[in-house]
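Welcome! Please take a moment to turn the model around on your screen before reading on.

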Amino acid sequence: METIVLGIGETLVRDDRRWSSWADWLGVPPHTLSALVGAAVAQGHDATDALRTLRPGMDVEAAYRARSAAGRGEHLDESDLYQDVRPALGELRAAGVRVVVAGNGSARAGELLRALDLPADLVVTSAEWGVRKPDPEFFVRVAEAAEAPPAATLYVGDHPADDLFPAAAAGLRTAHLRRGPYGHWWADHPDVVETAEFRIDALTELVALVRPPGAGAEAAGTGAEAARTGAEAARTGAGPAGSDGEGASGEETGEGETGAAGDAREGARRGALRSVR
């Protein structure tokens with residue numbers, strides 16, 4: 001692997017502040033907007049549809065400009081980064097890998113990210129390129145910025161429709177990151193499993209992918225996979241039979257939903273993604 005390209009939102013940057021600031025602007029409790037974002041994600045829709053649920057017909061771009069004009073625009077600092085970002089990017093560069101950050105975002109987001117002085121060779125946003133994911137042209141730009149053959153370039157992101165599928169279609173290697181609402185909800189969908197060359201739970205797992213043969217990469221990769229398998233077994237085994245293991249009580253988990261009802265619910269979740277490919 002010569003170049004690793006990473007998305008921004010929920011890959012490097014937590015979206016907590018983003019949605020909290022929108023909730024404040026719209027005058028609703030943060031948990032209300034978070035719940036609506038989750039509903040949009042589960043249906044395979046764009047997360048910003050949550051804003052339009054609260055304000056039907058809302059022009060999100062116009063609202064963003066109004067927020068900025070009112071002095072309530074974007075803000076980004078060290079606390080918005082996931083904790084594994086600096087260690088992972090630093091180790092990748094130390095291993096001789098070109099590190100590029102390229103994802104959807106405003107020009108302001110690009111300025112704020114570059115001000116954090118991340119260990120990256122290039123930091124750029126869709127607004128600065130004039131094209132957004134999942135547009136194929138965005139990934140043409142990614143391939144150019146990589147300065148490496150597509151077969152030696154890995155694109156890392158959490159969003160199947162915006163990151164994984166179009167990157168693979170462009171001939172890039174791909175890693176799906178189980179992080180954020182999209183990353184967690186769609187992680188085990190058959191389309192994701194089929195398309196992603198690598199499936200990771202943390203950016204630090206990328207380091208094992210770029211080590212030369214004989215440097216312990218295979219052992220590290222095996223260990224990481226074993227850890228993921230163990231964590232998954234613990235997660236799924238925590239709840240009652242037939243549940244997703246996400247709660248302690250029948251009311252929270254839907255305990256008792258077995259057979260056809262449970263299969264239908266899971267089938268709807270796993271099948272919906274094809275509509276956004």
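What follows is a short tour, from the overall fold to a few places worth a visit.

**The overall picture**

The model is predicted. Its chain contains 15 helices and six strands. Of the 277 residues of the chain, 43% count as buried. If you look at contacts between residues at least 6 apart in sequence, 60% of them join residues at least 24 apart.

**Two helices that cross**

A good place to begin is where helix α1 (residues 16-26) packs against helix α4 (residues 60-69). Their axes are 12 Å apart and meet at an angle of about 85 degrees. How do the two helices lie, roughly parallel or roughly perpendicular? With that angle, which falls in the range of 65 to 115 degrees, α1 is roughly perpendicular to α4. On the α1 side, Ser 21, Trp 22 and Trp 25 make the contact. On the α4 side, the residues are Val 60, Ala 63, Tyr 64, Ala 66 and Arg 67. Sorted by class, this contact of α1 with α4 has six nonpolar residues, one polar and one charged.

Val 60 deserves a closer look. This residue of helix α4 is buried, with a relative accessible area of 13%, and the cut-off for that word is under 20%. Leaving aside residues up to four places away in sequence, Val 60 touches Trp 22, Leu 51 and Arg 52. Asp 49 is 11 residues from Val 60 along the chain, and their C-alpha atoms are separated by 9.4 Å.

**Charges over rings**

Arg 67 and Trp 22, both part of the helix contact, also meet in another way: the charged end of Arg 67 sits over the ring of Trp 22. Arg 14 has a similar place over the ring of Tyr 82. Here are the two arrangements side by side.

| Charged end | Ring | Distance from ring centre |
|---|---|---|
| Arg 14 | Tyr 82 | 5.9 Å |
| Arg 67 | Trp 22 | 4.5 Å |

**A cluster of aromatic residues**

How many aromatic pairs does the structure hold? There are three. In one of them, Trp 129 and Phe 138 are edge-to-face, with 5.2 Å from centre to centre and 65 degrees between the planes. Trp 129 is buried, with a relative accessible area of 14%, and Phe 138 is buried too, at 0%. Phe 138 also pairs with Phe 139: the ring centres are 5.3 Å apart and the planes lie at 70 degrees, so this pair is edge-to-face. Angles over 60 degrees carry that name. Phe 139 is buried, as is Phe 138. Together with Tyr 155, the residues Trp 129, Phe 138 and Phe 139 form one aromatic cluster.

**An enclosed helix**

The last stop is helix α9 (residues 160-169). Why can α9 be called largely enclosed by the rest of the structure? Eight of its 10 residues are buried, so the description fits. These are Pro 160, Ala 161, Asp 162, Asp 163, Leu 164, Phe 165, Pro 166 and Ala 167. Among the elements covering them are the helices α8 (136-146), α10 (180-185) and α11 (190-195), along with the strands β4 (153-157) and β5 (173-177). Just after α9, Gly 171 takes a positive phi of about 90 degrees.

Conventions:
Residues numbered from 1 in each chain as written. Predicted model: local features only at pLDDT ≥ 70, side-chain atom pairs only at ≥ 80, totals over all residues. Heavy atoms only, no water. Phe/Tyr/Trp six-rings, centres within 6.5 Å; stacked < 30°, edge-to-face > 60°. Buried < 20%, exposed > 50% of the residue type's maximum accessible area, 1.4 Å probe, protein only. Lys NZ or Arg CZ within 6 Å of the ring centre and 35° of its normal. Axes fitted to C-alpha atoms, helices over the stretch in contact; angles between N-to-C directions. Helix = DSSP H or I, 4+ residues; strand = E, 2+ residues; numbered from the N terminus. Parallel < 35°, antiparallel > 145°, perpendicular 65-115°, else oblique. Contact = heavy atoms within 4.5 Å. Nonpolar A, V, L, I, M, F, W, Y, C, P; charged D, E, K, R; others polar.
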